[in-house]
Amino acid sequence: MITKLRLASANLQYGRANDAATLAEVASGQPYSPQVARQLYSQVAQQLRELNADVVLLQEVDLHQNRSGRVDLAGLLAEQAGYPHWRFAATYAGGVDRLRHRPRRSQVRTFGDDPLRVLEPLAPLRGFGNAILSRLPVQAWRVERLGRGVPTIVRREGGKLPYALFTASTRLMLAATLADGVGQVPLNVASVHLATHPTTARHQLAHAWWKLAGLPGAHILGGDMNMDDVALARIGVGRQLGQGVTFPSAAPSRRIDHFLTDALPPLGAAGQPAAAAPAGGPSAQVVDSGTFKLAISDHLVTWVDLEF
């Protein structure tokens, strides 16, 4: 049974180094060679070890992309930081500079997961998405696709065409049901990265929370929500956990990376409030919280220490 939990969330910005990186070779920017990438991400793995979170929610995670040294970023961090239970879920498959498309299966681990790989027969299986790293055993994984925002047309100066069409990136939620629950109910944690467009982000958040909160047990949704705490509170979804500005990492001025949990007692298997929960009260209480700068990304890591 889980009584205490340290939970962290980090937007990795596809493994892009910042001024905290100690490796001189990253100063020239991406793409990184495989050797440089592995050295850089080894520093990040050591930082995650020092943070010592039980579960880490990740967003903007590259899988075998040229810009991040063609490494499996989630897998490398899981192995080197000591997280035996982990899962990657691709919002899209393919190279970032190629035909990006929805995979048949979000793990993108076998050729059958990405039928369009035949268009790049010599390239490794590639993708981009969310991940969860856990030191605690995971009973079940779930993926919920949240769709994308509407395309926008932007006027531009110069060039052959006066306007450019920008399509929004597709988004998803990756959820893990931990094998050890809290009290008499399961604990579900999920990683999400919402759209930058405010209306689309609100719809995606409502969709994600509806799906997560429908699972039996207690629920924590974390990630890059692309809205500040005031905008998040107006939506009225869940209860915010933790504090501290997270963006941009060079000079943080606002918090756009958040954790949300149940405002009411967690649900039992029958869909009713669990008898073990305090009547009308939440199950997760914040003991401590803060932020942490990795050697990569334009976001700070946000973390919370919880007691149940």
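Me: Why does Lys-293 count as partly exposed?
Reply: Happy to explain! Its relative accessibility is 25%, and partly exposed is the range between buried (under 20% relative accessible area) and exposed (over 50%), with a 1.4 Å probe and protein chains only, so Lys-293 fits that class. A note on the source: this is a predicted model, where local features need pLDDT of at least 70, side-chain atom pairs count only at pLDDT 80 or more, and totals for chains, interfaces and linings use all residues. Residues are numbered from 1 along each chain as its sequence is written, and side-chain values use heavy atoms, leaving out hydrogens and water.

Me: What makes Lys-293 and Asp-19 a salt bridge?
Reply: The term asks for a side-chain nitrogen of Lys or Arg within 4 Å of a carboxyl oxygen of Asp or Glu. Here N to O is 2.6 Å, so the pair qualifies. Lys-293 lies in the loop between strands E13 (285–292) and E14, and Asp-19 in the loop between E1 and helix H1 (34–51), so parts 274 residues apart in sequence are tied together.

Me: Why is Asp-19 called exposed?
Reply: Its relative accessible area is 62%, which is over the 50% limit, so the label holds.

Me: Why is Asp-305 called buried?
Reply: Asp-305 has a relative accessible area of 16%, and buried means under 20%, so it belongs there. Asp-305 also forms a salt bridge with Arg-6, their closest N and O atoms being 2.6 Å apart. Arg-6, at 22%, is partly exposed.

Conventions. Helix = DSSP H or I, 4+ residues; strand = E, 2+ residues; numbered from the N terminus.
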